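Thanks for coming, everyone. Please bring up the sequence and the model on your screens. I'll walk through some places in it, one at a time.

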Amino acid sequence: MSVLTRRQRADQLDDPDVANSLTREAWRRIRQNPLAIVGGTIIVFFVLIAVFAPMLAPFNPRSNAWFDQIRPTSIPGPSRDHWFGLDEGGRDELSRLIFGARASLMIGVLSLGIGAVAGAFFGLVAGAFGGWVDSLIMRLTDILLAVPSLLLALSVAAVIGQSQTAIVVAVAVPNIPLFARMLRSSMLGERQKDYVTSATSVGVRRRSLVMRHVVPNSLAPMLVQASLALSTAIIDAAALSFLGLGSADPGVPEWGRMLANTTRLLNVAPHLAIFPGVAILITALGFNLFGEAVREALDPKLRR
Amino acid sequence: MLQVRNLQVHFPIKKGLVFDRTVGAVRAVDGVDLTIPRSTTLGLVGESGCGKSTVGKAILRLVPLTAGTVTFDNLELSALQNEELRKARRHVQMIFQDPYASLNPRQNVESIITEPIRTHQLRTGAAVHQRVNELLDSVGLPRGAASRYPHEFSGGQRQRIGIARALAAEPDLIIADEPVSALDVSIQAQVINLLADLQEQLGLTYLLISHDLAVVRHISDTVAVMYLGAIVETAPAETLYTNPQHPYTLALLSAVPVPDPVVEDSRHRMVLQGDLPSPANPPSGCRFHTRCAYAQRRCEQERPVLRDLEPGHQVACHFAEEIAVSISATRGGDVVL
């Protein structure tokens with residue numbers, strides 16, 4: 001087998017056009033992974049729905065034109081006019097789901113993005129400077145980790161009021177220490193490696209040592225964590241709006257809240273729980289599958 | 001000429017959750033003297049954990065020095081700080097053991113090799129690219145390798161990239177820390193010969209750190225044997241292998257197998273008992289007395305210093321002469337090692 005790989009290597013070397021950077025190889029592995037194709041398709045599907053919601057939705061999601069059909073004991077389910085039925089306010093469920101994708105995806109992506117960027121910043125500072133800076137940042141993250149995220153979310157909502165911003169902050173903040181720790185620890189691991197020692201002995205300046213050598217090689221676990229945590233962020237965001245932390249305006253469609261509003265109507269209109277629930281489930285699954293593919297592509301142990 | 005005087009590297013052992021207390025020190029290097037004349041090779045041998053790699057790193061100031069001086073030509077490396085040190089490091093470069101860990105996986109070969117050139121502005125403009133080609137030629141890699149990434153190469157090729165990177169800084173001294181021990185035997189010879197050729201062409205000075213006695217013998221002018229943070233014997237390469245004096249060197253050499261069953265059977269084997277003592281708590285007196293077959297009272301109390309047995313041959317043993325006599329008495333003449 002080693003003879004074969006040696007030959008393949010030699011062949012590759014003879015072809016001047018195919019330089020394979022790690023990034024390119026990872027991308028190639030992602031594209032060949034069925035998990036990534038399924039996950040990616042789901043993600044793209046929901047993103048397209050969110051982007052083109054006004055064109056796709058058959059009705060205005062806030063219009064309660066069909067309120068006269070709502071009875072305390074019966075809410076119309078799927079029909080020819082309303083594919084996913086009506087909700088408890090007499091609005092078209094499908095249109096609300098389509099517009100709800102906007103809020104749900106936005107909150108998930110935004111909160112994770114904020115958490116990851118802020119976490120990466122603190123991790124970078126801790127990992128680059130070490131010493132007391134590192135100790136200080138790590139003790140602060142310990143404190144953040146010790147606060148239950150639900151409690152944090154409730155306090156944030158109490159301070160800035162019920163809004164989507166509250167949910168974004170509440171989902172973002174608990175992510176900060178996770179990302180900070182992850183980047184720091186992988187930077188510490190990379191710093192021990194010979195290529196960093198080598199760059200030091202070459203006389204490379206500290207800034208370029210960190211930014212060109214340590215950080216690029218420390219980002220893989222961050223990327224994996226980010227893509228896997230996206231599904232958690234979307235579920236958490238839905239859970240928080242289920243608990244009533246979202247926008248104070250009940251007309252704004254959002255999957256978590258749509259689910260929350262229907263708990264007491266489960267036996268009357270099960271479709272109102274099923275559709276948003278399935279939407280959350282499939283979206284989270286899509287991000288999870290894709291994240292798993294990213295992990296497989298970047299994991300050095302699985303690399304040929 | 002590289003001169004190392006009384007080099008000491010002690011790593012503090014710290015305890016405590018918030019306020020670190022220093023509760024002791026690992027004496028990785030504890031008083032090492034080395035002299036390497038220009039354009040020669042010193043082989044530094046010893047078993048794992050004896051501090052030989054730390055000596056290499058200490059010369060480059062990659063670990064903090066506890067005491068001692070390192071002087072290269074007229075440059076006192078051990079006195080430099082910050083920017084001065086950063087600039088001076090160019091004159092001393094290192095080749096690493098693990099050809100997989102020593103190259104940044106996200107840099108292509110050209111970027112790896114040009115890093116020293118750009119950092120120290122040794123070439124500018126088109127001359128940089130020209131220099132990369134020169135370096136690739138001199139380490140025996142195809143020029144097309146420049147745009148490749150490290151994972152596309154075999155271990156031996158990667159080691160050549162590492163050598164090209166070291167040469168790019170135009171150093172005078174190269175510290176090669178186990179440069180071939182991660183390679184297949186067939187590749188080892190190629191890399192060692194490459195190092196020898198480069199020395200001849202460029203007048204390089206080498207400090208070759210290895211546990212492989214055969215490799216060291218092949219390329220070194222002088223060999224120093226290290227045990228638990230100190231040098232126990234240093235001699236011209238041939239002398240050390242044919243006429244070893246320190247009991248530790250005797251034991252090391254007797255562990256090298258000889259590919260001849262008759263000689264192998266008649267050899268005087270010295271098998272060392274026990275493990276290397278902890279450098280955090282080294283034995284009193286002679287560091288080697290806990291494992292030495294010839295240890296006497298004096299060895300426990302007094303630490304032997306390196307002394308000249310004959311010009312160029314130094315041994316740190318109180319009883320080197322007596323041991324030599326007793327061995328030739330029991331063996332009745334030449335010792336085959």
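Start with a loop. Asp275(B) sits between helices α10 (261-266) and α11 (297-301) of chain B. Keep in mind that this is a predicted model. Is Asp275(B) buried or exposed? Its relative accessible area is 68%. The cut-off for exposed is over 50%, so Asp275(B) counts as exposed. Now find Pro244(B). Along the chain, Pro244(B) and Asp275(B) are 31 residues apart. Their C-alpha atoms are separated by 22 Å.

Next, the sheets. A bit of background. Strands in a sheet pair through backbone hydrogen bonds, and the pairing can be parallel or antiparallel.

Take the four-stranded sheet in chain B. This sheet is open, and its order is β2-β1-β4-β5. The pairing is antiparallel. Which strands stand at the edges? They are β2 (21-36) and β5 (75-76) of chain B. Each has a single partner strand, so one side of each has no neighbour in the sheet. Look at β5(B) again. Two bridges join β5(B) to β4 (residues 67-72) of chain B, and the two run antiparallel. In that pair, Thr71(B) faces Glu76(B) of β5(B). A helix packs on this sheet too: α1 (residues 52-59) of chain B. Helix α1(B) touches β1 (2-15), β2 and β4 of chain B. The directions of α1(B) and β1(B) make an angle of about 110°.

Stay with β1 of chain B for a moment. Gln8(B) is in that strand. Gln8(B) has a relative accessible area of 19%. Buried means under 20%, so Gln8(B) counts as buried. What is Gln8(B) in contact with, leaving aside its neighbours within four places in sequence? The answer is Val29(B), Asp30(B), Gly31(B), Leu65(B), Thr66(B) and Ala67(B).

Now two backbone angles. Most residues other than glycine have a negative phi. Ser39(B) has a positive phi, near 60°. You'll find Ser39(B) in the loop between β2 and β3 (41-45) of chain B. Its relative accessibility is 35%, so Ser39(B) counts as partly exposed. Arg61(B) also has a positive phi near 60°. Arg61(B) is in the loop between α1 and β4 of chain B. At 16% relative accessibility, Arg61(B) counts as buried.

On to the eight-stranded sheet. Also in chain B, this open sheet runs in the order β6-β7-β8-β3-β9-β10-β12-β11. Its pairing is mixed. At the edges are β6 (92-95) and β11 (307-310) of chain B, each paired on one side only. On average, neighbouring strands here are turned by 25° against each other, direction ignored. Zoom in on β11(B). Three bridges link β11(B) to β12 (residues 313-315) of chain B, and these strands run antiparallel. There, Glu310(B) stands opposite His313(B) of β12(B).

Two helices go with this sheet. Helix α6 (residues 185-202) of chain B lies across β3, β6 and β8 (205-210) of chain B. The angle between α6(B) and β8(B) is about 160°. Helix α9 (residues 247-254) of chain B packs on the sheet and touches β9 (222-227) and β10 (230-236) of chain B. Its direction makes about 105° with that of β9(B).

Last topic: empty space. How many cavities of 30 Å³ or more does a search of the whole structure find? It finds five. The largest has a volume of about 80 Å³. Its lining has 15 residues. Nearest its centre are Pro247(B), Cys286(B), Cys292(B), Cys299(B) and Cys317(B). By class, that lining has twelve nonpolar, three polar and no charged residues.

The second largest cavity has a volume of about 60 Å³. Residues from both chains line it, including Tyr195(A), His213(A), Asn104(B) and Arg165(B). Which element gives the most to this lining? Helix α9(A) does, with four residues. The classes here are four nonpolar, four polar and two charged.

Finally, an open space. The second largest pocket has a volume of about 1,000 Å³. It is lined by 25 residues, and the closest to its centre are Arg191(A), Val196(A), Thr200(A), Leu209(A) and Leu62(B). Eleven of the lining residues are nonpolar, five are polar and nine are charged.

That's the tour. Thanks for listening.

Notes: Residues are numbered from 1 along each chain as its sequence is written. Chains are lettered from A and ligands numbered from 1 in the order in which they are written. This is a predicted model: local features need pLDDT of at least 70, side-chain atom pairs count only at pLDDT 80 or more; totals for chains, interfaces and linings use all residues. Side-chain values use heavy atoms; hydrogens and water are left out. Two strands pair if DSSP finds at least two bridges between them. Contact means heavy atoms within 4.5 Å. Axes are lines fitted to C-alpha atoms, for helices over the stretch in contact, and angles run from 0 to 180 degrees between N-to-C directions. Buried means under 20% relative accessible area, exposed over 50%, partly exposed in between (1.4 Å probe, protein chains only). On a 1 Å grid over the protein atoms alone, a cavity is a set of points where a 1.4 Å probe fits but cannot get out, and a pocket is an open set with protein on both sides within 12 Å along at least five of seven lines; lining residues have an atom within 4 Å of a point. Grid points are joined across faces, edges and corners, and a volume is the space filled by probe spheres set on the points. Ala, Val, Leu, Ile, Met, Phe, Trp, Tyr, Cys and Pro count as nonpolar, Asp, Glu, Lys and Arg as charged, and the others, Gly among them, as polar.
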